[in-house]
Amino acid sequence: MEERKLHSVMAEFTDVNSLMAAAERVRDAGFRKWDCHTPFPVHGLDDAMGVKMTRLPWIVLAMGLTGCGLGLLLQWWTNAYDYPYIISGKPVWAIPANIPITFEVTVLFSAFTAFFAMWIMNDLPRWFSPLSRKKNFARATDDRFFVVIEAADPQFDGVRTAEFLNGLGAASVEEVEMPDEPTRLPARYRHLLFTLAMAMLVPLAMIYNAQHKTSTEPRVHLVKDMDKQARFRPQGETLAGLFADGRMSRPRIEGTVGRGMLREDEGLETGMEGGEYVTAVPSALQVDEDFVRRGQERFGIYCAPCHGFTGKGDGLVHQRALQLAAEGNAQWVQPTDLSSALVVDQADGRLYETIRMGRNTMPAYASAIPVEDRWAIVLYVRALQRAAAQ
Amino acid sequence: MCASELKALADELRKGQDGAYRNLLLLDCNPAYDLPGDLEFVGALEGFRGAGGTVIHLGLYRDETAGHADWHLPMAHAFETWADGTAWDGTMTTGQPLIDPLYAGRSVLEMLGWWTKDERSAKEQVRAGGPADGKAWRRALHDGLVAGSAAAPLQVSAKALPAPQFGDLSATPADGIEVRFMPDRHIGDGRWANLGWLQELPDPMTKLTWDNAAMMSFATAASLGVEHGTMVRLSKGARSVEVPAYLMPGHADGCVTIALGHGRTAAGHVAGLDDDEIEPVGFDVNPLRAHDSASLATGVAVEPLGKPYPLAVTQDHFAIDEIGTQGREQRLPNLVKEGSVAEWQQEPRFAKSAADYWGKDSNLWQELDPETDDRLYKPKHKWGMAIDLSSCTGCSACTIACQAENNIPVVGKDQVIKGREMHWIRMDRYFAGDPAAPKVMSQPVACQHCEMAPCEQVCPVAATVHSSEGLNDMVYNRCIGTRYCSNNCPYKVRRFNFFDYNEDADQPGNEVMKMAANPEVTVRARGVMEKCSFCVQRIERARIATRNEDRDSRIPDGTIETACQQSCPTGSIVFGDLMDEGSQVRKAHENPRSYAMLAELNNKPRNLFLARIRNPHPAMPAAAAEEAVTHG
Amino acid sequence: MADSFTVPAAATQDERVFPAPLVAGTNDFASVTETVCSIVEAPRAPKAWYVIFGIAVALLGVLGAMIVYLVSTGVGVWGNNQPVAWGWPIVNFVFWVGIGHAGTLISAVLFLFRQGWRTGINRFSEAMTIFAVICAGMFPAIHVGRIWVIWWVFPIPNQMSMWPNFRSPLLWDVFAVSTYFSVSLLFWYMGLVPDLATIRDRAKTKARRFWYGLFSLGWTGSNRQWHRYERAYLILAALATPLVLSVHSVVSFDFATSQLPGWHTTIFPPYFVAGAIFSGFAMVLTLAIPARKMFGLEDLITMRHIENMCKIIMATGMMVGYAYAMEFFMAWYSGNTYEGFAFVNRAFGPYWWAYWIMVSCNVISPQIFWSKKARTNLTLVFIMSIFVNIGMWFERFVITVTSLNRDFLPSSWHYFSPTWVDVLTLLGSFGLFFTLFMLFCRWLPQVAISEVKNVMPQAHPHHHPSEGKEG
Amino acid sequence: MNSLNEAVQDVQAGDLAPRVARIGLVVGVVGLLVGAGFGLTGDAHAKQHFWFAWLVAFAYVLTIGMGTLFFSMIQHLVNAHWSVTVRRLAEITMANLPAICLLGLPLLVPLLDGHGTLWKWAGGGHHGEEAAHGAEVPGGESGAAAEAVEPAAQADPLGVQLAEEEHHEFVEHKRPFLNSGFFIARLIGYFLIWALMARFFFRGSVAQDSASDAAPTLRMKKWSAPAIIVFALTLSFAAFDLLMSLDETWFSTIFGVYIFAGSFVACFAWLVVCAKFLQSRGVMKNAVTREHYHDLGKFMFAFVFFWGYIAFSQFMLIWYANIPEETHWYANRITPAWINWSWLLLIGHFLIPFPGLLSRHVKRRTGVLLFWAIYMLVMHWVDLYWIVMPNLDPQHVNFGVVDVALTLGMVGILVFLTARRASGQALLPVNDPLLPQSLGFKNA
């Protein structure tokens, strides 16, 4: 069989003392790439080997401080900055209450760093070590102590190094061949891990996506909670059978008069007295400048969109409608010019009725405008007409 | 009908064929249940039917009487019908329907019309009775009465009778015990027995729900060897009933008081229905009554049966031991503050404690002040409430009003026994001093809306936060139900939905139940905490209305009435804006009698109590005792 | 008087001041390895193992059933009510999380104090810690009203687009307990790695080689790795020590931050920590005494270990007693009506029995450990350890329930009584605990092999007769 | 055993001790005289301040003494070997406890003068009427009561009256405990107990030096456990009596632990200072090694953290619950006058030394460690001053000569006593069975 390339030479020792002695000699011999393998940390071996103090603590400290900062930042940002709310009159940034979590996060960061940094610096996990090819190296984790000098060491010289180790009172010395398989993780496992990692990202991606897009679909209800409540809603529909019309809000019974629904002053309410339109604002209302201003305001809110602020029937709606009409996709009748003779001649009651019941394409505004305001608007319309007449 | 007439009727019915009657119409009544036992009315009915008579019953429920009738006709509820009536002075009153009959019921009026071949609808009949003029009629409907329709008073003369002579009232009757029957404080003679709200509303004095009990004094109980919460048999002659005993401080010796209206066997799914094997709630004591003294039975033998019976009370759930009693006596003066007139005249601020003067200095942080803190918008209002203990009678109307307004579920007897009742405002009732003649105090307790609420800070998900207007808001759909807030509430006003208490409404056929819920208030799901919200929905309604008028104006005082305030017959509850100098509540808070409960905890409640002033009539025997307790 | 002293050697040779060796019998490295690994390698576990494991799994099933019932029905299946909104679930939570403290304490604190005797039992107790914390963590989770939205307590975006309230002690708990769990897990696993390597190297079957190999991360005991390993271990220990303090302190904050008499008292943090250590060590004894018998670990978990634990139990028991005393004194001294009442009510109110069970189990019964006889009588120690467990459960019951059931307003006073669901859930949690623990005993090294070797005399170059003794 | 023989060569202070003693005595006497001169000749306020300052100084030396007592007991209890080399220093210090306690006796003057000069509850004696309106005494009861009320509310006489009544109620409630007679009885009790414990452990340790076997050590080990229990209780209640009851309405269950934490930190600092001083004078050169300093440093660090933990627990819980009957104590310490002192305590006693002592390099560099030791001794004094003084006047910090002079004086006395005891005394338990390991031990 052809000579394999050496990985290292390995010497076995049976007790701590001889190991220590050997380690010191190897150290003094000036080897660099060498190591001891022991079942437990042997105290003093570090000095014997000349191992320098690791930088791990500083890394941990740095990460700990980071954690501390992040912990505090998280609490400040969420509670005091991004979404402050009053809680028991306490300050939104209540530092004494933030200490515990800050502390926990600090410890968490430090601990994870200490753990993972240690493995990384030890360049573990390792898939396979050439030493493990040697049968009795298994005892390195049991009751034997090994000194291993690697071939990569500049001073390494197969035979002489072996003799050198023999000279240190080793129980046995063996040569370790370079393995034919790589020491890193085989490809199939790597691919598997990679796929798993990717797979784990998918749900996260989906959630992230869901957060940023709107959907017409109702929420998925695992638990209904209060999304569906045992009560009637104003515009809701009942299940079939409860009411013929299926409406949750029940209509008022014909002929009943509720509190505050008494409409004694017919003229005021309907604009008609005994079948005739009233010709003046009912005496129940006190007409003064405020009243007219009120009318102006309400006119601006309810009427101007179509009739325009001057009542000429040229409101924004009308103009938009003309645009659409120009594009040939709308039927449109211009709103009435309120200062036209037609309207001027109408009795106040008639105007009032129009507001209340609507007329032609104009809808009824009774539900939106209370009685007093309707009359105020009527009055303002008169004012507009007068203005227009001048 | 008076007792003798009832007797006569019963006898007449027993005659059957030979009797004067062929048909018996029972309109909106339940004699099979609520008539005194000695009439044996059921027997009479059956006899009558057996003899070929026909019994027709018109009622809201297929109740006990319906069970013994040949015909049961569904009656329309008063809210579903047109009706009229006559007030004590003869004034005509009107009633209008709010909704069409849900179950195609007919009113008594309609039925009588129908039987008398009157073709007119109820509406027409009522209208006919009213003023002809349309306007006047509308006014009558609107006001509910026809003004000026009172009958002219008659001139009568009466001659003075000699004053009646009473013996020694305190002497206990020699022959056995005297039993006093009273209509239940909530379900009356039983006609409202099937309403869960009323069944679960604690009795103002006994705090008993879902039951009636034989109330007696400690002395009487001792002499009879009766224990609290055990069954006793009350028997008079052949007739006897078994009821649980309730030892009531301050009850007169030698007599027993029992509420009527319980033990219904055909009331419905709430109060008991034999057909569906639903146990009756409470005990029917009508059998013990006699038609000639329907509200009193003398010479009743009381026999302790010893069998324990679970009574669902909302206070003193378990026998309070010596330590507990001491603890209670010790802290009561700090919780329910009272003073005699003398004390009040001497120092109107007698209710104040040092804690009422603590201010921001006692905090270890710069108090977060919504009015100045620019991170939170500045409020226009500071909502607050005040409850005047002087005028509070403990009637508990507030509790039920709140329940109706805020969709508070009824949890049932077993849950009340576990201490899981849901009332947002509860009526705390305490007895102080000698159990034989105690002083009674009642105090309505709702969420105090503390400005530094201990409940808020502990919620991990901020489900209960403070609005800048000072409301202690409960965000139901944010709540995950740790119940930590409840632990930290010194007033224990928070309520938890241990189960889904509304599932019935989702059962097929129960949809009509949903009509009972206030559309403006969330119906809470299982697992969330809830509590008084100061009727926030009403605040918001007022806010919207005001905003519609003028964006910048503040909600005027009196616009908002909380449900409890609205229903309080004595007006002891005021709610409003503390920032508004003129407001009622502001005045109440500035009232020298005002004090904060547990002020020493520095929670700064927005709900203050006005200390009660006791002023018993000097002639009353109680007066002396009162003074003794107040100064003791 | 002379300026220098000559030392009569007698005193320094007086063996009475030196404790017994940590590894009894005539053991060398190999035999230690053998003792521990043979348990894992044995084809069949001891009979007792199957019995206990069977029972444990059955109880675990019960737990599952209870949780399903709870989640499908509602928190109402428990005895919780107004005013006792926190009942058994929280009692159990504190109980388990308390037990979960001995592990890290033994590993970390004793490590920092160079208490060599920890090596015999630390693996045990770390495992116990982790399983106890799992049981503990379960309770707050299932005790909320709407378990399906409990993730809102984490600061991650949710449909409420709101952040949790960091002012709430419950949220501190979330962070504290989860941190504690993860750090303990790391600590435990890190200690396991060299031992897993040992098992790997002894493995006969391929499967074992693979799995133990996988988790031992290719450890070969290189001293350059040991160096960093030990440093990291020391750092973890140094971090875990304040962590132990903080975790149970935070748990105590859940109670102490409120205004409730009997909850709000400043001594709670150290008092809870002492109690946690107390109950934790008791549980270690409860587990270790049968286990060392069952698996023949008498040489590694010696009477000295047991004695030391007894002493610590006694000491911490005394601290707990100190806290009880302080609370009671201050309750009176404060002159606060409610405070005073809360404590009188504890001792003589409706729950007097719970209180006195607590006192007799936690303060009185450990006093027996003054006598060496008692400390060395295994049966007695075992019984005592169980007493302490009971006592500590009742302590949490007393704190939680008796304070709540009679708080400020007498109108809301109410007696709390548990339901069968409460009881079965508690039993079930024991099922969970023992299932995990039994699996651990069977498949993982119960004693930290490398650490035990480390404290054997042979491990020390030119060792002095008295070296390797505790210090 | 050669390390041992080397170690025991220079364990005697020789003529160093008397010199130090002399200096100590001078400083002590001068300090106390100056303090008295400034304090007792002034007006009522100055007199009152003098007594508060005396209490601070007394508490300072007392806590150091108690710390060392606890130290030596706990070492026996856990059979620790690292500490043997420094234990004798602690023992020599604690052995002075009887004498230190005597320094506390003058406090009976303000206690018994009937004005509540120092402990307000003692004002007006047992007939509470005076107590209710004993306003003539600066910061007397009513004054204290008024502090509980917000200034605005003080405008309302009813507010003040109610506060006073309530406060009076509290005090009356505590009379059975807080009354001069019982108070003195307790103090004497504590002092005797401590004296006995100190004496027992000191004698035992000295006896070991010349014993032929470990019997004395074993005896001390046996008694250390019960002794520590007694220690815990007495120290706590002494803390309640001497310091907590200065604000007679305030209470905190953790207070005893808080004081213990502070005194234990001081103890380690003190040991470092002593050891360092002796070594600088060529004593115990081979006995106390870098390793021992490292451990002392570790413990100092650990207990700085522990102190922080306890202090935070106490503050946070009170801050969070915000119940005025507790918060007023802190409220008095975050007044414009005292807030800076509070910051000094937080930063100086925790935030600075914590990172300062974190690194092992610091603990192993004895020079640096000495700095931190002295620093912590100062901070411990700041702590006590912060506990005591705001009770005198929450609105002003009257830090002055008297405070410094009295403290220096008492420390001087302590040094004097310690040094005197040290002379002709081995500063190392030369014959302690564990000494060899102690000398040979190394930190991992």
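In this predicted model, putting chain C and chain B together buries about 5,000 Å² of area, with carbon and sulfur atoms giving 57% of that figure. On the residue level, chain C brings 65 residues to the contact and chain B brings 58. Two salt bridges turn up across this interface. One pairing joins the side chains of Lys492(B) and Asp407(C), with N and O 3.0 Å apart. Polar contacts add to the picture: 35 residue pairs across the interface of chain C and chain B meet the rule, both partners being at pLDDT 80 or more.

As for where the chain C side comes from, helix 3 (47–73), helix 6 (169–202), helix 8 (223–256), helix 11 (337–348) and helix 14 (378–405) of chain C each give two or more residues to the side that touches chain B. Helix 11 of chain C gives the most, with six residues. Sorted by class, this side of chain C holds 36 nonpolar, 24 polar and five charged residues.

Chain B also meets chain A. Here the buried area is about 3,800 Å², and carbon and sulfur atoms account for 61% of it. The contact draws 52 residues from chain B and 38 from chain A. The salt bridge count between these two chains is one: Asp506(B) pairs with Lys228(A), the closest N and O atoms lying 3.9 Å apart. In addition, 13 residue pairs (both at pLDDT 80 or more) are in polar contact across the interface of chain B and chain A.

On the chain B side that touches chain A, at least two residues apiece come from helix 7 (134–143), helix 14 (454–457), strand 20 (464–466), helix 16 (503–506) and helix 17 (536–549) of chain B. Helix 7 of chain B supplies the most, at six residues. The class split for this side of chain B is 24 nonpolar, 12 polar and 16 charged residues.

Within chain B itself, the domain assignment gives domain 1 (3–143), domain 2 (177–313) and domain 3 (322–628). The centres of domain 1 and domain 3 of chain B, taken over C-alpha atoms, are 43 Å apart.

Chain D comes in through Asn322(D), which sits in the loop between helix 14 (290–321) and helix 15 (324–331) of chain D. Asn322(D) counts as buried because its relative accessibility is 3%, under the 20% cut-off. Beyond neighbours within four places in sequence, Asn322(D) touches Thr327(D) along with Ser362(B), Asn363(B), Leu364(B), Trp365(B), Met452(B), Leu601(B) and Asn602(B).

Note on methods
Residues are numbered from 1 along each chain as its sequence is written. Chains are lettered from A and ligands numbered from 1 in the order in which they are written. This is a predicted model: local features need pLDDT of at least 70, side-chain atom pairs count only at pLDDT 80 or more; totals for chains, interfaces and linings use all residues. Side-chain values use heavy atoms; hydrogens and water are left out. Helices (H or I, at least four residues) and strands (E, at least two) are DSSP runs, numbered from the N terminus. Buried means under 20% relative accessible area, exposed over 50%, partly exposed in between (1.4 Å probe, protein chains only). Contact means heavy atoms within 4.5 Å. Domain bounds come from an automatic or database domain assignment. Buried area is the accessible area (1.4 Å probe) that two parts lose on being put together, summed over both. A salt bridge is a side-chain nitrogen of Lys or Arg within 4 Å of a carboxyl oxygen of Asp or Glu. A polar contact is a pair of N or O atoms within 3.5 Å; within protein, one must be able to donate a hydrogen and the other to accept it, and residues adjacent in sequence count only if both atoms are side-chain atoms. Ala, Val, Leu, Ile, Met, Phe, Trp, Tyr, Cys and Pro count as nonpolar, Asp, Glu, Lys and Arg as charged, and the others, Gly among them, as polar.
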